[in-house]
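I opened the notebook with the sequence and the 3D structure side by side. The entries below follow the order in which I looked things up.

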Amino acid sequence: MGSVLLRVTDLYKYFGGVRAVDGVSFELAEGERLFIVGPNGAGKTTLVNLISGYLKPDRGSIIFRGEDVTKLSFIERVRRGIARSFQLVTVFENLTVSENIALAILSRRKLNWIAYKTVESFKDVLVEVDELLKLFDLARVADRYPTEISQGDRKILDVAVTFALRPSLIILDEPTSGVSTREKHIVMDRLIKALNATNVTSIIVEHDMDIVFKYANRVIVMNEGRILADGSPEEVKTRDDVKRVLLGGM
Amino acid sequence: MVALATRRELGNNLLALGILIVLFAILYPILRFIAPGYAILLTYGVIWSIAALGFNILFGYTGLLSFGHATFIGIGAYTIGLMVKYLDLRILEVGLLAAMLLSAATALLVGFFVVRYSGIFFAIFMLAVGQILWGFYLKFYHITGGTNGINIPRMSLLGVDLSRLDIGTYQMLYHYYVLVIAAVAYVAAWYIVNSPLGYTFKAIRDSEVRAKALGIDTFKYKLVALTISAIYTGLAGALLAPLIRLVSPDLAYWFVSGKIVFMTILGGFTYFIGPIVGAVIFTYMESLVIGYTIYWYLLLGVLIIMVMVVAPRGILGFLDSVMLRFKALRS
């Protein structure tokens, strides 16, 4: 693994009396693929919301590529290379699949302000759209609107749009939630293929243990806002406290 | 390579715009010949189409509904009026430019506060701004002439003094003058909505949170959308003044804002040319209804409800669905 990309130190987030994130600290090296798991209400989504800047922490710091980004806004963090997808698919419903990806590329290149050229005239953008469509196996639905494709493809589109930003750190919040059991592994295979192809550092929130143990090379188990375990899937799954929390005592 | 334009909605192309412009050019002399009173309505319709098209950049493309676009109609019209009254300046091009600049400046100032809101808050905020300016035009009569308004003499077009022309010829020349400006405005709007800027507007409309997740400063782009729509509406207001020949507070009244909203919905706000079609048809519809009965408000209300029920996606949406059914039947 490479040098430290992300350092989270003593992070706290309370909602009233609820300790959603309660003193979380960890480091993430460049190229690592970290899965965050835990039962409902463990603080997984709140943690990634804090890292991506969608929420502001009450205490603690987030250092990204050596820079303290704790007080930076959501948009500023995206511009610094932290990109994310959401638990519920959020794609632009009135843009086609290829247009969704094109917009992300245009945003990355800071071309949103251009009003005198049609998007089609950006040939280099279209070439990149093509590459991403192929990488994520979305070429067959390129011309369709998100409402016209399967839930699995919508999830993949959401991820592809995030990838199009070419982030240094990609955060995927439950990429297989709402997807049928049959589609889950298809979605993950395509996702991991893209992660491997680009070698981007990733944090993936997931609740399906089969998925986690199949694809993870590092797992953080959260419970009641705290980190319960941090290690390789093999190390983590043998721990009794993890079994108790994740598998209900099995 | 992937083509992005294959799924464009009905009428979202330069050919459709060209057909409309040619139609508006040909229709005027025909109407003047067979029904002279209806020819000038076409000029009104084309002017309102500029306003509706601009409004739709904000509403249809960015998802911000404004009930206060009469603000910019008023600014445009009063720019011409005050320019004539206090500077005795009758060069219309100067007035148009000033109207667009003043509308843009107002939109930037108002927008700085208002684009932080969305939905009903944005709509009502804009309505309030419009009513403040309407109150100003009405009550500051020593400046604006109050309810008497400001009379507008014939303006020179492209530096040519047209005051000696007969009214019919002047109106026809003015129609083509308006049509050329409208053509430029239409094409510019087409480029805007099909450009990265237009896609950015659509993204904000679909999901502001997701747009932010792409690093898009949504505040800035909503402000840009409001400013562009204000420039279009201000331009329409300035073009209306020499045609009506009287600038009065009525032009800035909330009813005018509602009219722009309805024109856009009537034509189909999800279609690029929808507001153009809606504005022209509404102008004729309104005039016909007014001519028929003193209860025209009532009848217009019924018509609005009928359109909403029968064709909720507007005239273009209705045509689109008919064409789709026809295609399905043929295949």
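**Entry 1: strand β8 of chain A**

I started in the middle of a sheet and found L169(A) opposite T201(A) in β8(A). I note here that the model is a predicted one. L169(A) led me to strand β7 (residues 169-173) of chain A, which pairs with β8(A) in the parallel sense over five bridges. I then looked at strand β3 (residues 33-37) of chain A, which also pairs with β8(A) in the parallel sense, over four bridges. There I36(A) stands opposite V205(A) of β8(A).

Is β8(A) enclosed, and how many of its residues are buried? I counted five of five for residues 201-205 of chain A, so this strand is largely enclosed by the rest of the structure. I checked the two faces separately. T201(A), I203(A) and V205(A) are buried on one side, and S202(A) and I204(A) are buried on the other.

**Entry 2: the six-stranded sheet**

I traced the sheet outward from there. It is an open sheet of six strands in the order β6-β7-β8-β3-β9-β10 of chain A, and its pairing is mixed. At the edges I found β6 (82-85) and β10 (226-231) of chain A, each of which pairs on one side only. From one strand to the next the twist averages 20°.

β3(A) also pairs with strand β9 (residues 218-223) of chain A, in the parallel sense and over four bridges. Here the bridge partner of I36(A) is I220(A) in β9(A). I then looked at what packs on the sheet: α1(A) does, touching β3, β6, β7, β8 and β9 of chain A. The direction of α1(A) makes about 150° with that of β7(A).

**Entry 3: the four-stranded sheet**

I found an open sheet of four strands in chain A, ordered β2-β1-β4-β5, with antiparallel pairing. β2 (18-29) and β5 (67-68) of chain A are the edge strands with a single partner each, so one side of each has no neighbour in the sheet. Strand β1 (residues 4-15) of chain A is joined to β2(A) by nine bridges, and the two run antiparallel. One pair I looked up is L6(A), whose bridge partner in β2(A) is L28(A). Helix α1 (residues 44-52) of chain A lies across β1, β2 and β4 (59-64) of chain A, and runs at about 60° to β2(A).

**Entry 4: chain A as a whole**

I counted nine helices and 10 strands in chain A. Its radius of gyration is 18 Å, close to the 18 Å that the globule rule gives for 250 residues, so chain A is as compact as a globular protein of that length. The C-alpha trace of chain A spans about 55 × 40 × 35 Å along its principal axes. Of the 250 residues in chain A, 47% count as buried. For contacts in chain A with a separation of 6 or more, 68% come from residues 24 or more positions apart.

**Entry 5: where chain B meets chain A**

I looked up the contact between the chains next. It takes 27 residues from chain B and 37 residues from chain A. On the chain B side, α7, α8 and α9 each supply at least two residues. α8(B) gives the most to that side, with seven residues. I split the chain B side by class and got 15 nonpolar, six polar and six charged residues.

Which elements surround α8(B)? Its buried residues pack against α3 (97-108) of chain A together with α2 (36-61), α7 (167-194), α9 (208-213) and α10 (218-244) of chain B. Of the 11 residues of α8(B) (residues 196-206), 10 are buried, so the helix is largely enclosed by the rest of the structure. Among them are Y199(B), F201(B), K202(B) and R205(B).

**Entry 6: core and helix packing**

The largest nonpolar core has 182 residues. Those with the most contacts inside it are I101(A), A160(A), V221(A), L235(B) and A236(B). α2(B) gives the most to this core, with 16 residues. I followed L235(B): leaving aside neighbours within four places in sequence, L235(B) is in contact with I50(B), G76(B), L96(B), A99(B), M100(B) and A185(B).

Last, I took one helix pair in chain B. Helix α3 (residues 70-87) and helix α5 (residues 119-139) of chain B pack at an angle of about 35°, with their axes 8 Å apart. The contact is made by A70(B), T71(B), G74(B) and Y78(B) of α3(B) with V129(B), G130(B), L133(B), W134(B) and Y137(B) of α5(B). By class I have six nonpolar, three polar and no charged residues in the contact of α3(B) with α5(B).

Conventions. Residues are numbered from 1 along each chain as its sequence is written. Chains are lettered from A and ligands numbered from 1 in the order in which they are written. This is a predicted model: local features need pLDDT of at least 70, side-chain atom pairs count only at pLDDT 80 or more; totals for chains, interfaces and linings use all residues. A residue is buried if 20 or more other C-beta atoms lie within 10 Å of its own, exposed if 12 or fewer, and partly exposed in between; C-beta atoms are placed from the backbone. Two residues are in contact if their C-beta atoms, placed from the backbone, lie within 7 Å. Ala, Val, Leu, Ile, Met, Phe, Trp, Tyr, Cys and Pro count as nonpolar, Asp, Glu, Lys and Arg as charged, and the others, Gly among them, as polar. The radius of gyration is taken over C-alpha atoms; the globule rule is 2.2 Å times the number of residues to the power 0.38. Two strands pair if DSSP finds at least two bridges between them. Axes are lines fitted to C-alpha atoms, for helices over the stretch in contact, and angles run from 0 to 180 degrees between N-to-C directions. A nonpolar core is a set of buried Ala, Val, Leu, Ile, Met, Phe, Trp, Tyr and Cys residues joined through C-beta atoms within 7 Å.
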